[in-house]
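The following report walks through selected strands, loops and charged side chains of one protein model. Please keep the sequence and the structure in view while reading.

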Amino acid sequence: MKESILYSDDRSQGQTIWPKFELIPLTMPQVLETVADTFPDQLALYTDDASWTYAALKADSDKAARALIAMGVQPGDHVAIWATNVAEYVLAFWACTSIGAVLVTVNTGYKRQEVEYLLKHSDAKTLIMVESFRDINYGQVIQEICPELAERKPGEDLCCALLPELRGVITIGFELPGAVRWNDMLARAAEISPETLAERAAALSVNDICNIQYTSGTTGFPKGVMLSHYNIINTAKIAGDVFDQSTGDKVLIVLPLFHCFGIVISMLGSVTHGSTMYPMSFSPTKVLEAIGTHRITVFSAVPTMYHAIMLHPDCEKTDFSTLRTGGVGGAACPTPVLEQLKARVGIPELVGGFGQTECGSLATLMQRDCSFEELATTVGPVVTGVEVKIVSPETGEDLPDNTDGEMVLRGFNVMQGYYKAPDATAAAIDKNGWLHTGDIAQRDEHGNYKITGRIKDMIIRGGENIFPREMEEFLHQHPKVADVQVVGVPDPAMGEEAFAWVIRKDPSLTEAELREFALEIMARHKVPRYIGFCDSFPMNVSGKVLKYKLREMAEETLAEQIDGLI
């Protein structure tokens, strides 16, 4: 392989291979081979049980790849993985993408009906899984969906009535009747030569689909987003460039690897920059311990995770001095939370941005030297290689700066489409290649974008367009409000009314007090007609608030009030 030109980074005191903010036309195996050849002794992956240099990561990924070939995995086959942030997840990712298989990531919070739908819809031929997560016993779920598994010998082709495409199950760290244990699978690597693997890797194109991620379902039925090597390698690289990542960085990965932010920005972004990965499932106690023990330099999380860390008693005694940068993603971060985060954790540079699975998780990203005001109020400028514009949702015409409209984008990051959903794909990506995000945004005079709501979340009250995000920012200013989410509910007279769900910081806060406060700072038509108090918001495991659940809660609450009056 051609010798790489190394680039030094004074800030992270490390080196990188590719120049910043340039796209690289490589496949997954080409990326890993380049990094492993250039930095063979660099620590790549660390867990409590084991660690890998980049040379070892390449060798073990290749071993897993050859074992999958021995088990019959063909180019284009879909391999689903239902697992937490374990080392085998990383190995499976590189193994699958090196042999032309498509890795299908499964939400760790899914229960029977959800996982049955995903495995069936995705036509998964192989399932790799851990035993359980929280209160969900994955093994029991799969036995219920596929009782035929127990009737087969491990490695024998499966024939499941509910999942007709599924041919085999691989377990990580536990035994399941009829399934092949991960270590037993690896033993089959001896059946396949390195030359066979090399031929598979050489046949790949940068435009081949390598990953299907199902949308979180916060706004509807999950769809399978098809992403290519080129899509996600360059999304990861550009993000790592903004973070200034290099071999000098230690990256703590707590965002779930089934999520685009976790597997692309955190995991793949670390590999493209030769950084060291420390994956784990989120726990405030373990996160704080890891930051202090391993001297973590890069840490990204969603606002709910940051909030949990700051509330933990160990936060005050944790040494955060090595943290130099971090990401805030997955959801809007309220200004009060950012202020506390800056004060208590003290990460010198926090970076926020905008993305969705359909664009590889990234379209805009703050620069590291952004002001606190920019971080709190915008999602930054567009990233390298991507075009963004704001258009009228009704006419599609371009809108001027500081005007609300739909954000549309196109570039290297746009998905190849939704799996088995051509109509949905056509609705999302127009004939000119613009991805319609469904997000309401505006661009300011400095080129930064601000997300103000979603088209589906937009409340139309008596002909007036009301954006929940704007209302939430106003209500957050009340000193007794810890958090707030606004949704629309049907109204026979006005079409829709706003319902604000509020988590109180002070239990003495009343509806009347908050409404009076709102009337002082908001236009009357923006003041929520209804206010409800709750202890927490329903969320998915990625930390996103499930607004459709809040709508259901609001409608049920209003129905109960009406029943009480009858």
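Two strands are said to pair here if DSSP finds at least two bridges between them. The model is a predicted one, and every value below is computed from it.

**Strand pairing**

With that criterion in hand, strand E3, which covers residues 43-46, and strand E4, which covers residues 51-53, pair in the antiparallel sense over three bridges. Within this pairing, Leu-43 has Thr-53 in E4 as its bridge partner, and the connection from E3 to E4 is a hairpin that runs through four residues.

A second set of pairings centres on strand E7, residues 124-129. Strand E5, residues 78-82, runs parallel to E7 and is joined to E7 by five bridges, and strand E10, residues 168-171, also runs parallel to E7, with four bridges joining the two. Which residue of E7 is the bridge partner of Val-79? The partner is Thr-126, and Thr-126 also stands opposite Gly-168 in E10. Strand E7 is mostly covered, since five of its six residues are buried.

Leu-166 belongs to the loop between helix H5 (138-145) and E10. Leu-166 has a relative accessible area of 2% and is therefore buried. Although Leu-166 and His-78 are 88 residues apart in sequence, their C-alpha atoms are 9.5 Å apart in space.

**Loop residues with positive phi**

Most residues other than glycine have a negative phi. Against that background, two loop residues may be examined in turn. Asp-244 has a phi near 60 degrees, which is a positive value in a residue other than glycine, and Asp-244 lies in the loop between helix H8 (229-242) and strand E14 (250-253). Is Asp-244 buried or exposed? Asp-244 counts as buried because its relative accessible area is 2%, and the cut-off for that class is under 20%.

Arg-295 likewise has a positive phi, near 55 degrees, in a residue other than glycine. The loop that holds Arg-295 runs between helix H10 (284-294) and strand E16 (298-299). At a relative accessibility of 31%, Arg-295 is classed as partly exposed.

**Salt bridges**

The structure holds 26 salt bridges, and three of them are listed here with the separation of their nitrogen and oxygen atoms.

| Basic residue | Acidic residue | N to O separation |
|---|---|---|
| Arg-181 | Asp-184 | 3.0 Å |
| Lys-389 | Asp-398 | 3.4 Å |
| Arg-469 | Glu-473 | 3.4 Å |

In the salt bridge between Arg-181 and Asp-184, Arg-181 is partly exposed at a relative accessible area of 36%, and Asp-184 is partly exposed at 36% relative accessibility.

The salt bridge between Lys-389 and Asp-398 joins residues of two exposure classes: Lys-389 counts as partly exposed at 24% relative accessibility, whereas Asp-398 counts as exposed at 52%. Asp-398 falls in that class because exposed means over 50% relative accessible area, and the value for Asp-398 is 52%.

For the salt bridge between Glu-473 and Arg-469, both residues lie in helix H15 (residues 468-475), where they are four residues apart, about one turn of the helix. Glu-473 counts as partly exposed, with a relative accessibility of 25%.

Salt bridges also link Arg-461, Asp-491, Glu-497 and Arg-529 in a network.

**A charged surface patch and a buried leucine**

Glu-552, Glu-555, Glu-556 and Glu-560 form a negative surface patch. Among these residues, Glu-556 is placed in helix H17, which covers residues 547-565. Glu-556 has a relative accessible area of 51% and so counts as exposed.

Leu-186, by contrast with that exposed glutamate, is buried, with a relative accessible area of 16%. Leu-186 is found in helix H6, which covers residues 182-187. How far apart are the C-alpha atoms of Leu-186 and Ala-301? The separation is 33 Å, for two residues that are 115 residues apart along the chain.

Key. Residues numbered from 1 in each chain as written. Predicted model: local features only at pLDDT ≥ 70, side-chain atom pairs only at ≥ 80, totals over all residues. Heavy atoms only, no water. Patch = residues over 30% accessible without salt bridge, like charges linked within 9 Å, V, L, I, M, F, W, Y side chains within 5 Å. Areas by Shrake-Rupley, 256 points an atom, 1.4 Å probe, with all protein chains shown as cover. Salt bridge = Lys/Arg side-chain N within 4 Å of Asp/Glu carboxyl O. Lys, Arg positive; Asp, Glu negative; His and termini not counted. Charge placed at Lys NZ, Arg CZ, Asp CG, Glu CD. Buried < 20%, exposed > 50% of the residue type's maximum accessible area, 1.4 Å probe, protein only.
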